[in-house]
Amino acid sequence: MTRHWTFPRPRRDSSALPFTAVGYAIAALVLLPMLAVVLAALGGNLDTLSHLWATVLPRYITTTMILLVTVATGTCLIGAGTAWLVTACAFPGRRFLEVALVLPLAFPAYVLAYAYTDLLDHPGAVQTALRAVMGWGPRDYWFPEIRSTGGAAAMLTLVLYPYVYLLARAAFLSQGARPFNIARTLGLGPVRAFLRAALPLARPSIAAGVLLACMETLADYGTASYFGVQTFATGIYQSWFSMADRAGAAQLALGLLTAALLLALLERKTRGAARFYSKSGPGALPRIELTGWRALGASLSCLVPTLLGAVVPAVTLALMAHGSGQSLLSERYLGFVSNSITLAAIAAGLTVLAAIALGYFARLRPGRVSRSVLQIGRIGYAVPGGVIAVGLLVPFAAFDNALDAFMEARFDISTGLLVTGSIWLMIAAYMIRFLAAAIGAYEGGQAAMNPNYDAASRALGKGPYLTLMRVHLPIMSPSLLTALLIVFVDVMKELPATLILRPFNYDTLAVQAHRLAADERLDGAAVPSLVIAAIGLLPVVLLIRRLGRNG
């Protein structure tokens, strides 16, 4: 007779309760702006919604859909096409181009908008040279208008295609040689084998990258605002500040939030399908040797996105900044730099701490509740900065007003705006927006943490806090430093939340660049834009080094 040994279930360790409480508090903070937007939108009357539908809502929907379709198509073609070329083909410059294709990630789309407007607008270098060479007058020729929906889509495509490129490249590498070789043995040529075998297997990863690009397109404010393109993101800012229509801004934010969450749900599903399709065969993809015009075409196909997305705007901005007469060493600009670095450093530190708390809570208390809390922490990446800003302003402005009225009535003291007039609301918005990136980096480091490490630490009498401090964090320090850098750079580039939530006379580099560009002082806007792009290169360099190590 077989004896079955049973062991008592371990009691819950009360020392883990602080991590549980912090995890619940972070999840509540992430959900707060979304719930506030929903309640504020439902609290508005139908007259506001009817007015929006009769005036601007159809235009917002149409323009946003055009941008989404155009950016999705462009990023898919450029990202998947270049990923296949550098993965499966051999041509001159391939080793350099496979990492250079990531460079446009360092540039915010609105920075590209400033550079290309100076380059391609009517008084810009390109049209001026055309008129000089051809002898044309101002009305003798047609030239594409950069300040248009198509121009905004082009700027967004150039900076967002690396999302698709990175995921598609990883998918092609993980396929192995078997599917492609089987297609070749069935008599298919290289192009048909790619279309029939390699592309369908990589389709979930490509779709995930396209959906990430679409979410960034929904969240974009700087490019659309500068080009005069009316989208949901610009409509929220205009309704809140220009028209003082809080209910209208909340209803627009609810529409944008719904679209963003639907895209996030689709992205999660396609990412799961991408994991299913990985590791389909051993061996690397055989490289197709390209010669002659095919090799030249492949090199140009990979070189042009890199030039247009990184090199041309960087050179243009440098020339513009050189002639602007502005100095980063002036007291005014040092203030912008100080404000930007202060915000980004505090937000990055708190965001990584929040990611550690959520990740460690899920490790200490595995189960449905902790997984749900962790998923809530990831929601913020799908919510545009403008929506988060409106969602935080609504409840905290009400709190400030109620507290001020109470203190006035009881003690004849005016407290003013304690929360909405501080930088802490901005930092909360940044943390909600970029917490998913920190969680992803933390989980990447935690994957290498063997559960035996925890057991050994507990056997030595160390509680959860000491185990985290002395075991987990030292081992995961590279991943945590990566998370700090990613969030730091994202905060430096964030524009809509900063514009809405910043205290009076508290400007950052992004706000200064936006203000100067809105005043058509593009040479001046080039100076802070260059600093933002230079700082954005830091995580891109780390990514390029990783790509180089992984071949």
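Arg94 is buried, and Glu98 is buried as well; buried stands for under 20% relative accessible area, exposed for over 50%, and partly exposed for what lies in between, with a 1.4 Å probe and protein chains only. The side chains of these two residues, Arg94 and Glu98, meet in a salt bridge with an N to O distance of 3.6 Å. A salt bridge here is a side-chain nitrogen of Lys or Arg within 4 Å of a carboxyl oxygen of Asp or Glu. Arg94 and Glu98 are about one helical turn from each other because they stand four residues apart in helix H4 (residues 94–100). Helices (H or I, at least four residues) and strands (E, at least two) are DSSP runs, numbered from the N terminus.

The model is predicted: local features need pLDDT of at least 70 and side-chain atom pairs count only at pLDDT 80 or more, while totals for chains, interfaces and linings use all residues. Residues are numbered from 1 along each chain as its sequence is written, and side-chain values use heavy atoms, with hydrogens and water left out.

The pLDDT is the predictor's confidence in each residue, from 0 to 100. Its mean over the chain is 81, and 86% of the residues reach 70 or more. Over residues 4–11 the pLDDT stays under 50, and the model has zero contacts for them beyond four places in sequence; contact means heavy atoms within 4.5 Å. Residues 276–281 also have pLDDT below 50, but this stretch has 13 contacts in the model beyond near neighbours in sequence.

As for the overall make-up, the chain has 22 helices and two strands. Of its 551 residues, 50% are buried. The accessible surface of the chain is about 26,200 Å², and carbon and sulfur atoms account for 65% of it; these areas come from the Shrake-Rupley method with a 1.4 Å probe, and for residues only the protein chains shown count as cover. Of the contacts between residues at least 6 apart in sequence, 82% join residues at least 24 apart.

The salt bridges number seven. The pair described at the start belongs to a network of salt bridges that links Arg94, Arg95, Glu98 and Arg169.

Two other salt bridges share Arg147. In one, Arg147 pairs with Asp121, and the closest N and O atoms are 3.3 Å apart. This pair links distant parts of the chain, 26 residues apart: Arg147 is in the loop between helix H6 (125–134) and helix H7 (149–175), and Asp121 is in the loop between helix H5 (109–120) and H6. Arg147 is partly exposed, at a relative accessible area of 22%, whereas Asp121 counts as buried at 16%. In the other, the side chains of Glu520 and Arg147 meet at 2.8 Å, N to O. Glu520 lies in the loop between helix H21 (509–518) and helix H22 (522–549) and Arg147 in the loop between H6 and H7, so this salt bridge ties together parts that are 373 residues apart in sequence. Glu520 is partly exposed, with a relative accessible area of 44%.

What surrounds Asp121? Leaving aside neighbours within four places in sequence, Asp121 is in contact with Tyr116, Gln127, Glu145, Ile146 and Arg147.

Aromatic rings come next. There are nine aromatic pairs in the structure, where rings of Phe, Tyr and Trp (its six-membered ring) pair if their centres lie within 6.5 Å, and planes under 30 degrees apart count as stacked, over 60 as edge-to-face and the rest as tilted. Tyr226 and Phe227 form a tilted pair, 5.8 Å centre to centre with 40° between the planes. Tyr226 and Phe227 are both buried. The pair of Tyr333 and Phe336 is edge-to-face, because the ring centres are 5.4 Å apart and the planes stand at 85°. Tyr333 and Phe336 are three residues apart in helix H14 (residues 331–364), which means that about one helical turn separates them. Both of these residues, Tyr333 and Phe336, are buried. Ring pairs also link Tyr110, Tyr114, Tyr226 and Phe227 into a cluster.

The cysteines remain. A disulfide is a covalent bond between the sulfur atoms of two cysteines. The criterion used is a pair of cysteine sulfur atoms within 2.5 Å, and the count of disulfides is zero. For Cys302, the closest cysteine sulfur is in Cys89, 8.8 Å away, and so too far for a bond. Cys302 is buried, with a relative accessible area of 0%, and Cys214 is buried with 7%.
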